[in-house]
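Here's a walk through one chain, from its overall build down to a few single residues. Have a look at the model first, then read on.

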Amino acid sequence: MTINRRHFLSMTGATALVAVCSPQALATSARAQQPPKKAPSALKNLQKFARHKVRFLGYPINMNTPPEEFFAWRNELAAAGLNQFAFNNVGNPYTHSHIPFNCHPFERELIDRFGALYGFPSGNIWGFLSNSGTDSNLHGLYMGRTILHNRTGVLPKIYFTKEAHYSIQILRDVLQLEPVIVGTKPGGAMDTDDLERQLNIHRNHPALVVATIGTTFKGAIDPVDAIQEKLRNRDAYLHLDAALFGGFLPHTPFAGELQQQARDPLSGRMLNRYDSIAVSCHKFFGFPSPAGLFITTEANFDLFREPFSRIHDPEYIKQVPGTITCSRDAVKPAEFYFFSSDKALARQAADAKAILDNTAYLLKEMNNHYSFLRPVRANDHSNIVYFITPLKMVVNRYSLATMQLDIDGVPTPCAHIVVMPHAKKETLDQFLTDLRTTG
Ligand SMILES: Cc1ncc(COP(=O)(O)O)c(C=O)c1O
């Protein structure tokens, strides 16, 4: 069947859809739109990205190419059959899977290694490699919602600040949770006095709290211990969104921010500082495609498992998966496993130091030469500097993210630079030179 535009428009929507979606029509239109000759120029277009990647300063993605050994590891995995046919990590990586074509042992080991880095008690770690930071946040919020609802019979309210990533708003909509927007301090961190006020107002609901460790635009850090203090003796679950900072803070003098346990000075007992954590793998680590770490305690997983197994009929796959999606990528966990070795962690420590040093350098230079742009680094843990938006040419050349911020009560267009491992001093110097055109 051939179909011209007038004929198409005269059809009803449904007939048009059937006509266009028939395999023959699809094949014809795909051939018409993408003759095979076009492929080389599309490839050329891809190649230009490799030249421009060092100038990508506005978003938290590490554009460095992983070391040679990573690609050698990929080849080893391929030689063993991974990514050559349909492997699938469906299910809980910590229990036996009836579907054997998975890389659960790699997934378990990498979660255990990162869990140890975040100070989760050994033998009390559960998690998996998700699709992204957002996906890990989804699992943290779903786990918190399920545990709190099961314990109290009441749906929790979800608490977060306006500085939290926009995915939290989407997820709270998906999970049908009523939001409580908590106020912030001038630097952008959660105001725990306001949190307490709001907890008291909503005392009849359990509290699902999202603390952001490194807010997306400003790089502010919500104070975990002060938040936990306000949650004491309440039905609460605290999830950390550490999408970017979670990658590098463990290698800095500020590693304590993300430690899952702390000793109570009064009782001497170890207490949980938070319940679960989300970290993106493509941000600080430089994993070349989106993925995320989701880590919680095994004790939390057990609390979740029981009500979840009532929702999810486990008969078909012979286990309770613990994950929302059924099929899961088996290639990425085996590949990301590479990033959990001692050698990889040493490289991450060097990158962590470099990005914080380079952020301090950028701030100093901006203060020295471009103080009229009012540069701000929210705290010394942060690899983000935000400032009044420069000329469009600079914003576009470096793909700077922009946002309207309230500065001294005045709505002001701002931009930021996220100093990732690929943002070396030479690139920052070039950026500083380009800023001169805005003077
Ligand atoms: C604080 C925070 N949380 C979550 C996300 C989303 O992470 P992902 O892109 O891995 O889904 C981002 C992304 O920038 C972020 O900054």
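Let's start with burial: a residue is called buried if 20 or more other C-beta atoms lie within 10 Å of its own, exposed if 12 or fewer, and partly exposed in between, with C-beta atoms placed from the backbone. A word on the source: this is a predicted model, so local features need pLDDT of at least 70, side-chain atom pairs count only at pLDDT 80 or more, and totals for chains, interfaces and linings use all residues. Residues are numbered from 1 along each chain as its sequence is written.

**Overall build**

The chain has 16 helices and 12 strands, where helices (H or I, at least four residues) and strands (E, at least two) are DSSP runs numbered from the N terminus. Its C-alpha atoms fit in a box of roughly 75 × 65 × 50 Å along the principal axes. What about the radius of gyration? It comes to 24 Å, which agrees with the value near 22 Å for a compact globule of 439 residues; the radius is taken over C-alpha atoms, and the globule rule is 2.2 Å times the number of residues to the power 0.38. Of the 439 residues, 41% are buried. Two residues count as in contact if their C-beta atoms, placed from the backbone, lie within 7 Å. Take the contacts between residues at least 6 apart in sequence, and 69% of them join residues at least 24 apart.

**Two domains and the core**

The domain assignment gives domain 1 (51-65 + 349-438) and domain 2 (86-340); such bounds come from an automatic or database assignment. Their centres, over C-alpha atoms, are 29 Å apart. The contact takes 19 residues from domain 1 and 21 residues from domain 2. On the domain 1 side, α14 and β10 (384-388) each supply at least two residues, and α14 gives the most, with five. That side divides into 11 nonpolar, seven polar and one charged residues. Here Ala, Val, Leu, Ile, Met, Phe, Trp, Tyr, Cys and Pro count as nonpolar, Asp, Glu, Lys and Arg as charged, and the others, Gly among them, as polar.

The largest nonpolar core (buried Ala, Val, Leu, Ile, Met, Phe, Trp, Tyr and Cys residues joined through C-beta atoms within 7 Å) has 99 residues, and those with the most contacts inside it include Y159, V209 and F336. Helix α14 (residues 342-369) gives the most to this core, with six residues. Both domain 1 and domain 2 give residues to the core, so it lies between them. Leaving out residues up to four places away in sequence, V209 touches Y159, I227, L231, A236 and L238.

**Around the ligand**

The ligand is surrounded by 15 residues, the closest being S132, G133, T134, H165 and A243; a residue counts as near if its C-beta atom, placed from the backbone, lies within 6 Å. The shell has four nonpolar, 10 polar and one charged residues.

**Single residues**

Two residues other than glycine have a positive phi:

| Residue | Phi | Loop |
|---|---|---|
| Q176 | near 55° | between α8 (166-174) and β3 (179-182) |
| S399 | near 45° | between α15 (392-397) and β11 (401-407) |

Is Q176 buried or exposed? Q176 is exposed, because just 8 other C-beta atoms lie within 10 Å. S399 is partly exposed, with 13.

R347 lies in helix α14 and is partly exposed, with 19 other C-beta atoms within 10 Å. R347 and H251 are 96 residues apart in sequence and 10.0 Å apart in space, C-alpha to C-alpha.
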